[in-house]
Structures are given as C-alpha cells and as structure tokens.
Amino acid sequence: MLHATLAHPLTHTTSLCLSPMSSTRIIPVGVEITTENKCGFCTNSKCCTYITEELVTPRSMQDFDHMLWQLSHRDVQAYKDEDGWFLLINNACTHLLPDGRCGIYDDRPVICREHTNDFCEFDQPSEEGFDLFFDGYDSLLQYVRKRFKTWNHFAATRDDRLHTE
C-alpha cells in the first residue's frame, strides 16, 4: 500500500496512483483531484463497503459485555474517535457494481446523497483517526480486562446475575 501526504486540492505529479485494497488506477500527470472527480479515481469504493452505527458511550462492564456480543459477529468491529464510539460493520452495499460505481445512483437513499467526499478514504485511511480500534472479540476482551480490574469476577458471575434479576 502506498501512502502520500498531499495538500488540497490534490494534484498528482506522477502518472500512477496505487490505491489500497485494489488495482492500479492511472491518473494523468497534472490532473487536479477535486470532489467532483475524486470518486472516478477511487479504485476500491471503500465508502460503500461498510456502515457505522454510533454507540452510546460504553461505561459499565455490562455495556462492554454487550459490545463483546456485538463483536462476536462476523465482519463487525468497533472504534472510538473524536466523535465517539462506533460499530463498524464491514459489509459491502448490495448495489455496488464490479467497476465500483453505484447500481442505483439515480435512486440512491438520502444518506448516500448526503455523503461527502471532501476528505475521505481516498485521501487518508480512516483508521488513522481512531483513538481505539477493536478488530474483534479478543481485542475488546483484552481492553476490558485492563480497564476493569474486576472483569474476571464479573465474567465468572454472569449466570448468577441472570438468576437474581
């Protein structure tokens, strides 16, 4: 994966742009990358391969226990950034065409219409802005064991609490 720090507006001075996760896309020398043409140079349509759901900030062991259940599912991750806590569900849009275009562009939902590419994964991988990232159950479990000194007791007594509530 090739990363470059480029000032906005983007102007490529090389004729080749290597994009993460996908094939090579040729960008002619001197072409200015703008919000109007940026999607046409994106080779992996990253913005259409996942959804996020904002979470209420987890504070208690019960909150994190629930998150452990969520991260026990395939293609579900979690992260915290400057805007809060989020579930990251890696699942491509069913309308994404093999060439990366939208199959229902003229009839796409409002959330797709409102999406802006002013600063997107084409510019910088979103992971670089994460304060915390959990790629699955094990990484979150490791975090909660450090965060809560009594986690092991909590986990061992889950069944007991079920019968007393």
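The following questions and answers concern a predicted model of a protein.

Visitor: How many helices and strands does the protein have, and in what order do the elements run?
Guide: The protein contains six helices and eight strands. Read from the N terminus, the order of the elements is β-β-β-β-α-β-α-β-β-α-β-α-α-α.

Visitor: What percentage of the residues in the protein is buried?
Guide: The protein exposes about 11300 Å², of which carbon and sulfur atoms supply 54%. Of the 165 residues, the buried ones make up 30%.

Visitor: Among contacts with a separation of 6 or more, what share comes from residues 24 or more positions apart?
Guide: One pair separated along the chain is Trp-85 and Phe-134, which are 49 residues apart. For the protein, residues 24 or more positions apart account for a share of 54% of the contacts with a separation of 6 or more.

Visitor: Which element gives the most residues to the largest nonpolar core?
Guide: The largest nonpolar core has 17 residues, and those with the most contacts inside it are Phe-64, Met-67, Leu-71, Leu-140, Val-144 and Trp-151. At least two residues of this core come from each of helix 2, strand 6, strand 7, helix 4 and helix 5. The element that gives the most, with five residues, is helix 2.

Visitor: How many residues does the second, separate core have?
Guide: This core includes Ile-33, Phe-41, Cys-120 and Phe-122. Its number of residues is six.

Visitor: Which residues does Phe-64 touch, not counting those up to four places away in sequence?
Guide: Phe-64 is one of the residues with the most contacts inside the largest nonpolar core. Phe-64 also belongs to an aromatic cluster with Trp-85, Phe-134, Tyr-143, Phe-148, Trp-151 and Phe-154. Beyond four places in sequence, the residues touched by Phe-64 are Pro-58, Arg-59, Trp-85, Leu-140, Tyr-143, Val-144, Arg-147, Phe-148 and Trp-151.

Visitor: Against which elements do the buried residues of helix 4 pack?
Guide: Helix 4 spans residues 137-147, and its residues Ser-139, Leu-140, Leu-141 and Val-144 are buried. The buried residues of this helix pack against helix 2, strand 8 and helix 5.

Visitor: What angle lies between the planes of Trp-85 and Phe-134?
Guide: The count of aromatic pairs comes to ten. Trp-85 and Phe-134 form a pair, with 6.1 Å centre to centre, and the pair is stacked with an angle of 5° between the planes. This pair links distant parts of the chain, Trp-85 being in strand 7 and Phe-134 in strand 8. Both residues are buried, and the angle asked for is 5°.

Visitor: Is the aromatic pair of Trp-151 and Phe-154 stacked or tilted?
Guide: Trp-151 and Phe-154 lie in helix 5, three residues apart, about one turn of the helix. Each of the two residues, Trp-151 and Phe-154, is buried. The ring centres are 5.0 Å apart and the planes meet at 40°, and the pair is tilted.

Visitor: Over which ring does the charged end of Arg-108 sit?
Guide: The distance from the charged end of Arg-108 to the centre of this ring is 3.8 Å. The ring belongs to Tyr-105.

Visitor: Why is strand 7 largely enclosed by the rest of the structure?
Guide: Strand 7 runs antiparallel to strand 5, with five bridges joining the two, and antiparallel to strand 6, with six bridges. Strand 7 is largely enclosed because its buried residues number five of the six.

Visitor: What is the bridge partner of Asp-81 in strand 7?
Guide: Strand 6 and strand 7 form a hairpin with two residues between them. On the pairing of strand 5 with strand 7, Glu-53 stands opposite Leu-87. The partner of Asp-81 is Gly-84.

Visitor: Is Gln-70 buried or exposed?
Guide: Gln-70 has its place in helix 2. Leaving aside neighbours within four places in sequence, Gln-70 is in contact with Leu-55, Val-76 and Leu-87. Its relative accessible area is 15%, so Gln-70 is buried.

Visitor: How far apart in space are Cys-39 and Gly-100, C-alpha to C-alpha?
Guide: Cys-39 is found in helix 1 and is exposed, with a relative accessible area of 55%. Cys-39 and Gly-100 are 61 residues apart in sequence, and their C-alpha to C-alpha distance is 9.1 Å.

How values were computed:
Residues are numbered from 1 along each chain as its sequence is written. This is a predicted model: local features need pLDDT of at least 70, side-chain atom pairs count only at pLDDT 80 or more; totals for chains, interfaces and linings use all residues. Side-chain values use heavy atoms; hydrogens and water are left out. Buried means under 20% relative accessible area, exposed over 50%, partly exposed in between (1.4 Å probe, protein chains only). Helices (H or I, at least four residues) and strands (E, at least two) are DSSP runs, numbered from the N terminus. Contact means heavy atoms within 4.5 Å. Rings of Phe, Tyr and Trp (its six-membered ring) pair if their centres lie within 6.5 Å; planes under 30 degrees apart count as stacked, over 60 as edge-to-face and the rest as tilted. A charge sits over a ring if NZ of Lys or CZ of Arg is within 6 Å of the ring centre and within 35 degrees of the ring normal. A nonpolar core is a set of buried Ala, Val, Leu, Ile, Met, Phe, Trp, Tyr and Cys residues joined through side-chain atoms within 4.5 Å. Two strands pair if DSSP finds at least two bridges between them. Accessible areas come from the Shrake-Rupley method with a 1.4 Å probe; for residues, only the protein chains shown count as cover.
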